[in-house]
Amino acid sequence: MRVIAVPTLNAENLRRELHAKGVVDPSVRITKRSGEVLIPIIGPAPLDLARFGARYEDEVHASLSPRRTPPNPRREIEERLRARGVPPELAPRRWERIGDILVIRVSAAARPHANVIAAAFGEVLRVRTVVEDRSGIHGPMRTPDVRVLWGDGTETVHVEAGVRYALDVGHIMFSSGNLAERVALPARVQPGAVVVDLFAGIGYFALPIALRSRARVVYACEVNPVAFRYLTTNIRLNRATNVIPRFGDCRDVAPRGVADWVLMGHFDAREYLDVAFDALRGRGTIAYHELCPKEQYPDALTRRLAAAARSHWMNVVSIRTRIVKSYAPGIVHATAELAVTPQTRRSATEMQISDGHLGTSVME
Ligand SMILES: C[S@@+](CC[C@H](N)C(=O)[O-])C[C@H]1O[C@@H](n2cnc3c(N)ncnc32)[C@H](O)[C@@H]1O
């Protein structure tokens, strides 16, 4: 438990050299003290301190405040890579933190140094494990393709907007890109509502809605056994007593005729619109997601949903569309909230007359 005390004038030069040697302790703040700077270290400094007018001090370390991540992690990572002979420009520009696990992508040029790069990220950002996202998310169960580069273990608990999600990043996706949706949706679900989540995963939408909107009940359907296990864990972890998990294909396990809201957080949602309409009690809202060619957005999306509503004898009250993010060149991840009401004999006639308009208000 040591620090190096150095006159303020020489502090930056010494700090740089200590960084390059990898001996600065990133878990503790560098602190000023009357004309001096105290640099916390993790071991003896392999350089001549006298050159900087610096000296060791014992026992001070513990009184310095801890720091979770350094103020400029990028600079620290680059300094560590340089010290280990890896060109710093090979370090990924972005990373994603899920609980205490870091997910990075490694370019072809960086591949031979992947483990050293991962170690620098892991040490500086103070995570338990660094994994490589090798090729995105695959298949209907949305399975990731990751490998551990540094550290140990891929199971973690991620906290987002006060909701705790246990998951294994080796087997389960966590889309940080959908954060806005997860946070905003509960505000629109009225207290007492019945919600059916057809693609619940580990509870990405079901849990925030259950906990924040005071929905009466949220049915959460999930077909992947690993995701389902975490879903039930997360229900317990968050004491979400109003979530009812249902294991299996939503086509078989979703309740019918009960819902005020139906959630369809899956890119194959289009194929399950009939399940969604069957789940509704009458008037209700379907939160729908799809991948849509950019130039067809939002017209193709609203037309598709309006046609589906019509074929299920529903009138469209409104369709609100939004682009969640760009998914691939020319393709967007789009979402729509489709509010519908059952057709009466009279409204069915009106619908035919106003076909093509459907009384739809399309908003972005
Ligand atoms: C993409 S994840 C949920 C993502 C989350 N909504 C988000 O946007 O962050 C979709 C989940 O639906 C599940 N799933 C896929 N097809 C299903 C089906 N037919 N019935 C129930 N669950 C299904 C997958 O296993 C996966 O866990």
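This report describes the overall form, the sheets, the ligand shell and some local backbone features of a predicted model.

**Overall form and domains**

The protein contains ten helices and 18 strands. Its C-alpha trace spans about 90 × 40 × 35 Å along the principal axes. The radius of gyration is 27 Å, whereas a compact globule of 364 residues would have one near 21 Å. The domain assignment divides the protein into domain 1 (2–63), domain 2 (73–153) and domain 3 (173–363). Between the centres of domain 1 and domain 3, taken over C-alpha atoms, the separation is 56 Å.

**The sheet of strands 1 to 4**

An open sheet is formed by four strands in the order 2-3-1-4, with antiparallel pairing. Strand 2 (31–33) and strand 4 (55–58) occupy the edges; each has a single partner strand, so one side of each is left without a neighbour in the sheet. On average, and with direction ignored, neighbouring strands of this sheet are turned by 35° against each other.

Within this sheet, strand 1 (residues 2–7) and strand 3 (residues 36–41) run antiparallel and are joined by six bridges. Val6 stands opposite Val37 of strand 3. Helix 1 (residues 8–20) packs on the sheet, where it touches strand 1 and strand 3. The direction of helix 1 makes about 20° with that of strand 3.

**The sheet of strands 5 to 8**

A further open sheet consists of four strands in the order 5-6-7-8, and here the pairing is mixed. Its edges are strand 5 (96–98) and strand 8 (143–151); each has a single partner strand, so one side of each lacks a neighbour in the sheet. Neighbouring strands of this sheet are turned by 35° against each other on average, direction ignored.

Strand 5 runs antiparallel to strand 6 (residues 101–104), and three bridges join them. Arg97 has Leu102 in strand 6 as its bridge partner. Helix 3 (residues 114–125) lies across strand 6, strand 7 (129–138) and strand 8. With strand 8, helix 3 makes an angle of about 80°.

**Pairing of strands 15, 16 and 17**

Strand 17 (residues 331–342) pairs with strand 15 (residues 280–293) in the antiparallel sense, over ten bridges. Strand 17 also pairs with strand 16 (residues 314–328), again in the antiparallel sense, over twelve bridges. Ile286 has Leu338 of strand 17 as its bridge partner, while Asn315 is bridged to Thr341 of strand 17. The hairpin of strand 16 and strand 17 has two residues between the strands, and in this hairpin Gly330 takes a positive phi near 80°.

The table collects the bridge counts of the strand pairs described above.

| Strand pair | Sense | Bridges |
|---|---|---|
| Strand 1 and strand 3 | antiparallel | six bridges |
| Strand 5 and strand 6 | antiparallel | three bridges |
| Strand 15 and strand 17 | antiparallel | ten bridges |
| Strand 16 and strand 17 | antiparallel | twelve bridges |

**The ligand shell**

The ligand is surrounded by 18 residues, of which the closest are Phe199, Gly201, Asn224, Cys250 and Gly265. By class, the shell comprises nine nonpolar, six polar and three charged residues. Both domain 2 (73–153) and domain 3 (173–363) give residues to this shell, so the ligand lies between these domains.

**Local backbone features**

Two loops also contain backbone features that can be examined in the model. The peptide bond from Tyr297 to Pro298 is cis, with omega near 0°. Pro298 is found in the loop between strand 15 and helix 9 (299–311). In the loop between strand 9 (155–160) and strand 10 (163–168) lies Ala161. The phi of Ala161 is near 50°, a positive value in a residue other than glycine.

How values were computed. Residues are numbered from 1 along each chain as its sequence is written. This is a predicted model: local features need pLDDT of at least 70, side-chain atom pairs count only at pLDDT 80 or more; totals for chains, interfaces and linings use all residues. Two strands pair if DSSP finds at least two bridges between them. Axes are lines fitted to C-alpha atoms, for helices over the stretch in contact, and angles run from 0 to 180 degrees between N-to-C directions. Two residues are in contact if their C-beta atoms, placed from the backbone, lie within 7 Å. A residue is near a molecule or strand if its C-beta atom, placed from the backbone, lies within 6 Å of it. Ala, Val, Leu, Ile, Met, Phe, Trp, Tyr, Cys and Pro count as nonpolar, Asp, Glu, Lys and Arg as charged, and the others, Gly among them, as polar. Domain bounds come from an automatic or database domain assignment. The radius of gyration is taken over C-alpha atoms; the globule rule is 2.2 Å times the number of residues to the power 0.38.
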